[in-house]
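This report describes helix packing and internal space in the structure shown below. Please keep the sequence and the model in view while reading.

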Amino acid sequence: MRKFICSFTILVLLLCCGCGRSGSGSSSLSSEPALSAPVTLSVGYTAPPSSSVHTMLQDLADELYSRSKGMISLELYGEGELGTEAELAEQVMSGQLDAAILSSDTLRPYCNKLSALRLPFLFKDYNEAEAVIGSEVGEEILEELTDSHMVPLCYASGYLWQISNALRPVEKPADLTGMMLRTTDDELTLTVYENFAALPAPLDKEELLPALERQVFNGQVGSITDFGALELAGTQPNLSIMNIQYDTDVLVASESFWDSLPPSGRELILDCAKEEAAEHRSFIQTNEETILKGLRTSNDVREPSLKAFKEQSEILYEDYARQNSWGEDLIQKIKAQRKEAAAP
């Protein structure tokens, strides 16, 4: 069994280290109970060692080690070593696993508000997305996870989705008519492309390239990161940069593990997790800019006007608000946060 073991520690009273970047004074921590014995935190995920997710977790362990100088060990179990994402979620909920990085698709059954992030054209760019997930609105979206004994620590990643295909450039809604698109299997995502008269269907990413080569699909929806990693440039000459949907992974902890920590320990882990996750999301954005620069030399990359696409998508917002009692309120909060972030 592949085990990546990184050590980090929480000092007996976490004097100084727990307040590093959070702004809390060490005096507020000195009266809190300390860990009485070494603690090992196990983290499961399905990404491989070559992934940026694995690197983020290693950086998280290093940062915690530097700031805490104590006795908690972090054990990383990657590549699905402990099971599928669905199995990891069950293990976290039952307390068999201390923490896991899980996709929004896996978490949505336990936290329906996550589906709001899949509304079409919700974010103009990554700056808007960051403004929302880093706000109280972003925290509110994840609150429901606690009902399933999962404690949300941070949005571990963030990806804006684009459309690529082998048929024609996509510059107006009619260009998607009849296009067989690989998507994820959540109902909202399928509805987004059915609304444009496309023919969406779910398929695992690992099976995508052979399916495109056999022309089972004409195109696909996904991030620039996946486009590069899956080497789709050869089968998908047309790429439309539309930022049509947003996808994320979330680092969650087991409620039983979280409750076993003193408040100062929780604060330290939460602060470090959010900081390393923000750096990871920044890396994703920079990496996608590099990938896209290369694609512009080999593929037909276009940035169509989104006005007609957005107008045709308005009905999906109306349906979402009607189907969820909290839908309209959450949408308005997201829009308000975007507007606040855009203000000079």
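Which residues in α11 and α12 meet? In this predicted model, Tyr317, Tyr320 and Ala321 of α11 are in contact with Gly327, Glu328 and Ile331 of α12.

## The α11 and α12 pair

Helix α11 covers residues 307-323 and helix α12 covers residues 327-342, and the two pack at an angle of about 130° with their axes 6 Å apart. Because of that angle, α11 counts as oblique to α12. Sorted by class, the residues that make this contact are four nonpolar, one polar and one charged.

## The α1 and α10 pair

A second packed pair joins α1, which spans residues 52-68, to helix α10, which spans residues 263-298, and here the axes come within 9 Å and cross at roughly 140°. The crossing angle therefore makes α1 oblique to α10, and the crossing is right-handed.

On the α1 side, the contact is made by Ser52, Val53, Met56, Asp59, Leu60, Glu63, Leu64, Arg67 and Ser68, while the residues they meet in α10 include Leu268, Ile269, Cys272, Glu276, His280 and Phe283. By class, this contact has 10 nonpolar, three polar and six charged residues.

## The cavity

A search of the whole structure finds one cavity of 30 Å³ or more, and the volume of the largest cavity is about 90 Å³. The lining comprises 13 residues, of which Leu41, Leu60, Leu153, Leu251 and Ile269 are the closest to the centre. Two of these residues also take part in the helix contact described above, with Leu60 on α1 and Ile269 on α10.

Four elements, namely β2 (39-44), α1, β12 (249-254) and α9 (255-259), each supply at least two residues of the lining, and α1 gives the most, with three residues. In terms of class, the cavity lining has 13 nonpolar residues and no polar or charged ones.

## The largest pocket

The largest pocket holds about 1,300 Å³ of space. Its lining consists of 36 residues, and those nearest the centre are Thr46, Glu85, Lys205, Glu206 and Asp226. Among the elements that give two or more residues to this lining are the strands β4 (99-103), β6 (159-165), β7 (180-183) and β9 (219-223), together with the helices α3 (104-107), α8 (224-229), α1 and α10.

By class, the pocket lining has 14 nonpolar, 12 polar and 10 charged residues, whereas the lining of the largest cavity has no polar and no charged residues.

Technical notes:
Residues are numbered from 1 along each chain as its sequence is written. This is a predicted model: local features need pLDDT of at least 70, side-chain atom pairs count only at pLDDT 80 or more; totals for chains, interfaces and linings use all residues. Side-chain values use heavy atoms; hydrogens and water are left out. On a 1 Å grid over the protein atoms alone, a cavity is a set of points where a 1.4 Å probe fits but cannot get out, and a pocket is an open set with protein on both sides within 12 Å along at least five of seven lines; lining residues have an atom within 4 Å of a point. Grid points are joined across faces, edges and corners, and a volume is the space filled by probe spheres set on the points. Ala, Val, Leu, Ile, Met, Phe, Trp, Tyr, Cys and Pro count as nonpolar, Asp, Glu, Lys and Arg as charged, and the others, Gly among them, as polar. Axes are lines fitted to C-alpha atoms, for helices over the stretch in contact, and angles run from 0 to 180 degrees between N-to-C directions. Angles under 35 degrees count as roughly parallel, over 145 as roughly antiparallel, 65 to 115 as roughly perpendicular and the rest as oblique. A crossing is left-handed if the near helix is turned anticlockwise from the far one by less than a right angle, and right-handed if clockwise. Contact means heavy atoms within 4.5 Å.
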